[in-house]
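Me: I am new to this structure and would like a close look at one part of it, the helix that takes part in an aromatic pair and in a helix packing. Could you take me through that part step by step?

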Amino acid sequence: KVDQSNLNAVARMWFENPDLVDHLDEDRLRRVAWALCDLKDLKAAEQISLYLAQHSKDQSIISLLQKLAKEYAEQSNQPKRVKYLKLAQSISARGV
């Protein structure tokens with residue numbers, strides 16, 4: 001389960017120990033990024049989402065990218081909104 005203390009620890013680890021990231025489970029990372037979006041910690045959610053977009057072996061990242069785009073839309077950040085919608089579309093089109 002992803003709780004607040006785990007979430008903070010993973011987000012901190014993400015920025016402080018990038019070499020450990022490859023050892024984290026994709027599903028758990030996706031859930032952490034989703035929760036970070038809910039908490040409006042978009043910087044960490046964005047970094048995790050970009051990592052998953054490059055390393056994911058399926059299309060499960062698409063909904064996370066769409067969520068990230070929605071969060072940026074709520075902040076009136078159109079460039080980031082468009083960036084993540086386009087990334088989601090490109091992953092969908094290539095049929096990972």
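Reply: A residue counts as buried when its relative accessible area is under 20%, and as exposed when that area is over 50%. The model discussed here is a predicted one, and the part to look at is helix H4, which covers residues 61-74.

With that cut-off in mind, tyrosine 72 can be placed at once: its relative accessibility is 5%, so tyrosine 72 counts as buried. The structure holds 1 aromatic pair, and because the ring centres of tyrosine 72 and tyrosine 84 lie 6.1 Å apart with their planes at 10°, that pair is stacked. The two tyrosines are 12 residues apart and belong to distant parts of the chain, with tyrosine 72 in helix H4 and tyrosine 84 in helix H5, which covers residues 78-94. Tyrosine 84 has a relative accessibility of 0%, and therefore it also counts as buried.

Helix H5 also holds glutamine 89, whose relative accessibility of 55% is the reason why it counts as exposed. From C-alpha to C-alpha, glutamine 89 lies 9.3 Å from glutamine 66, although 23 residues separate the two in sequence.

Turning to the packing of helix H4 with helix H2, which covers residues 26-38, one finds that their axes come within 10 Å and cross at roughly 15°. Because of that angle, H2 is roughly parallel to H4, and the crossing in which H2 passes H4 is left-handed. On the H2 side the residues that meet H4 are Arg30, Ala33, Trp34, Cys37 and Asp38, while H4 brings Ile61, Ser63, Leu64, Lys67, Leu68 and Glu71 to the contact. Sorted by class, this contact of H2 with H4 has 6 nonpolar, 1 polar and 4 charged residues.

One of the H4 residues in that contact, glutamate 71, deserves a separate look. Glutamate 71 has a relative accessibility of 3%, so it counts as buried. When residues up to four places away in sequence are not counted, glutamate 71 touches Cys37, Lys40 and Leu42, and among these Cys37 is one of the H2 residues that take part in the contact with H4.

Taken together, helix H4 carries tyrosine 72, whose stacked partner is tyrosine 84, and it also carries glutamate 71, which is among the residues that meet H2.

Conventions
Residues numbered from 1 in each chain as written. Predicted model: local features only at pLDDT ≥ 70, side-chain atom pairs only at ≥ 80, totals over all residues. Heavy atoms only, no water. Phe/Tyr/Trp six-rings, centres within 6.5 Å; stacked < 30°, edge-to-face > 60°. Helix = DSSP H or I, 4+ residues; strand = E, 2+ residues; numbered from the N terminus. Buried < 20%, exposed > 50% of the residue type's maximum accessible area, 1.4 Å probe, protein only. Axes fitted to C-alpha atoms, helices over the stretch in contact; angles between N-to-C directions. Parallel < 35°, antiparallel > 145°, perpendicular 65-115°, else oblique. Left-handed = near helix turned anticlockwise from the far one by under 90°. Contact = heavy atoms within 4.5 Å. Nonpolar A, V, L, I, M, F, W, Y, C, P; charged D, E, K, R; others polar.
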